[in-house]
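Grab a pen and work through a few exercises on a protein chain. Try each task yourself before reading the solution under it.

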Amino acid sequence: MTPDQPTASGQLPPVPSLEALHALNPVQQPTYDDSGELSRVVGQLRSLPPLVFAGECDELRRKLASVAAGEAFVLQGGDCAETFAGVTADNIQAKLRVLLSMAVLLTYAAQVPVVKLGRIAGQYFKPRSANEETRDGVTLPAYRGDAINGFDFNAADRRPDPQRLLQVYNASAATLNLTRAFVTGGFAHLAKVHTWNADFVKQSPAGARYQALADEIERALAFMRAAGIDDEAFRSVDLYSSHEALLLEYEHALTRVDSRTRQPYGVSGHFLWIGERTRQLDGAHVEFLRHVRNPLGVKLGPTTTPQTALDLADRLDPDHEPGRITFITRMGAGRIREVLPEVIDTVTKSGRQVAWICDPMHGNTFEAQNGYKTRAFDDVMDEVNGFFDVHESLGTWPGGVHVELTGDDVTECVGGADELAEADLSNRYETACDPRLNRNQSLELAFLVAERLASGRIRRSENTAAPVIGTDGEHPAA
């Protein structure tokens with residue numbers, strides 16, 4: 001049932017119409033030259049089956065409530081911007097391999113379940129700082145992701161095309177289908193995933209630093225095998241999809257009323273977030289998403305004030321529902337220790353219990369001397385350490401990390417154990433938008449975060465500790 005149709009009781013679902021949302025002057029929306037074609041595409045999307053199910057969203061909300069309570073940790077990762085060309089089995093498998101490898105390390109170190117959120121099956125939209133791009137005197141619309149227009153710099157590709165929204169749906173459906181097969185069909189088996197980490201330790205220039213942790217995990221696995229723990233418990237994991245709910249036509253068309261609860265859910269993904277550029281308190285994105293029942297994320301940049309965070313939480317979650325709100329901080333390495341403490345302290349003292357996740361990528365982007373947009377691995381880790389430092393000083397729980405990554409050996413971020421330099425960026429710079437950590441850098445980050453979790457600097461109270469096997473019955477990669 002679409003949000004514009006009445007429920008069985010004859011009451012309209014409490015979701016604003018597209019017309020009402022457009023009256024709020026939403027930002028970061030493309031300009032289509034054929035409104036009739038757009039309307040026809042939106043109508044087609046409304047008739048298609050959901051990509052995710054309301055019950056799965058409810059399950060994720062319960063797990064994020066555990067994160068907010070200090071009983072679980074979030075690993076969120078994937079492409080900056082997915083592309084239609086990237087919907088291949090090899091590409092999806094490579095990303096999953098990195099995420100699952102990271103999850104094993106973090107679960108063992110934190111001794112709590114790890115909630116895995118992929119930036120997959122929907123991250124085809126991108127906000128931009130300018131509506132247009134000029135090259136050699138030619139001005140065209142900016143690339144806003146494959147959902148809107150093409151990457152190539154010509155008039156035909158850069159035209160916003162409504163038909164691409166149907167391609168987003170089909171690409172997301174294919175990605176989710178294969179992802180579910182991978183995570184339930186043996187690919188995610190704990191022993192196999194740990195072998196991937198062991199291979200990284202052997203091959204990485206920094207491998208010796210991580211050998212001790214890898215050895216500890218191997219001993220734990222050997223013990224569990226000797227104890228006869230059911231092998232089936234290690235075969236599958238839960239992985240949830242997430243993306244920025246940027247384009248209102250697409251998200252509105254993929255809103256459905258749940259037959260169980262008669263409540264509206266965004267069925268384009270399990271976890272939807274509002275970006276730094278679209279979180280205006282009286283804006284269209286906040287107004288729309290406050291009506292859907294999904295767990296929601298909100299990006300908070302360095303200009304965030306404590307009152308802004310409180311106002312957003314009140315607007316999106318007036319009932320203080322556990323697991324409803326996740327704040328994803330993206331302050332930058334140079335600002336996080338200055339800005340974040342008061343924000344967390346104010347929200348905590350208000351009585352709210354939200355999940356806090358660190359996005360160490362978006363506040364640390366710069367242009368290299370050779371013109372490539374990049375990020376320095378040391379800056380990324382400095383922001384992660386600042387995030388942990390702030391939570392340690394306040395006695396609050398650092399709930400997770402949000403990373404743009406790929407399973408490929410790209411050269412988009414400088415630094416890391418492989419010591420990539422700016423001159424290396426041209427070798428394999430493949431991102432459609434922002435620079436991503438490659439496989440080795442992603443795993444190196446996971447080991448460093450695992451060291452921080454295991455170091456004892458964050459002391460959890462006894463009632464929040466969990467055994468190595470998650471309380472939800474999943475194995476440590478869960």
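The exercises below go from the whole chain down to single residues.

This is a predicted model, where local features need pLDDT of at least 70, side-chain atom pairs count only at pLDDT 80 or more, and totals for chains, interfaces and linings use all residues. Residues are numbered from 1 along each chain as its sequence is written, and side-chain values use heavy atoms, with hydrogens and water left out.

**Exercise 1: the whole chain**

Work out how the radius of gyration of the chain fits the rule for a compact globule, then describe the fold in broad strokes.

Step 1. Start with the rule: 2.2 Å times the number of residues to the power 0.38, with the radius of gyration taken over C-alpha atoms. For 478 residues a compact globule would come out near 23 Å, and the chain has 22 Å, so the two agree.

Step 2. Add the dimensions. The C-alpha trace spans about 65 × 60 × 45 Å along its principal axes.

Step 3. Tally the secondary structure. You should get 14 helices and 14 strands, where helices (H or I, at least four residues) and strands (E, at least two) are DSSP runs numbered from the N terminus.

Step 4. Look at burial and contacts. Buried residues make up 59% of the 478; buried means under 20% relative accessible area, exposed over 50%, and partly exposed in between (1.4 Å probe, protein chains only). As for contacts (heavy atoms within 4.5 Å), take those with a separation of 6 or more: residues 24 or more positions apart account for 77% of them.

**Exercise 2: charges**

Count the charged side chains and find how far apart the centres of the two sets lie.

Step 1. Set the counting rule: Lys and Arg are positive, Asp and Glu negative, while His and the chain ends are not counted. Each charge is placed at NZ of Lys, CZ of Arg, CG of Asp or CD of Glu.

Step 2. Count. There are 47 positive and 65 negative side chains, and their centres lie 3 Å apart.

**Exercise 3: cysteines**

How many disulfides does a search of the whole structure find?

Step 1. Recall the chemistry: a disulfide is a covalent bond between the sulfur atoms of two cysteines. The cut-off here is a pair of cysteine sulfur atoms within 2.5 Å.

Step 2. Run the search, and the count is zero.

Step 3. Check two cysteines by hand. Cys358 is in no disulfide, and the nearest cysteine sulfur, on Cys413, is 14 Å away. Cys413 is in no disulfide either, with the sulfur of Cys80 nearest at 10 Å.

Step 4. Check burial. Cys358 has a relative accessible area of 0%, so it is buried; Cys413, at 0%, is buried too.

**Exercise 4: positive phi**

Asn25 and Asp136 have positive phi values. Place each one, and decide whether it is buried or exposed.

Step 1. Keep the background in mind: most residues other than glycine have a negative phi.

Step 2. Take Asn25. Its phi is near 55°, and it sits in the loop between helix 1 (18-22) and helix 2 (35-46). With a relative accessible area of 61%, Asn25 is exposed.

Step 3. Take Asp136. Its phi is about 50°, and its loop runs between strand 3 (132-135) and strand 4 (138-141). Asp136 counts as exposed because its relative accessibility is 83%.

**Exercise 5: polar and charged residues inside**

Find the surroundings of Lys95, Asn91 and Asp359, ignoring residues up to four places away in sequence.

Step 1. Lys95 lies in helix 4 (residues 89-110) and is buried at 6% relative accessible area. Lys95 touches Asp79, Glu82, Ile120, Thr406 and Gly407.

Step 2. Asn91 is in helix 4 as well. Its relative accessible area is 15%, so it is buried, and it touches Gly86 and Asp408.

Step 3. Asp359 sits in the loop between strand 11 (355-358) and strand 12 (365-367). Its relative accessibility of 0% makes it buried. Asp359 touches Lys299, Ile328, Thr329, Arg330, Glu383 and His402.

**Exercise 6: a valine in a helix**

Which residues does Val343 contact beyond its neighbours within four places in sequence?

Step 1. Locate Val343 in helix 12 (residues 336-349), where it is buried at 0% relative accessibility.

Step 2. List its contacts: Leu300, Thr304, Thr305, Pro306, Ala309 and Trp356.
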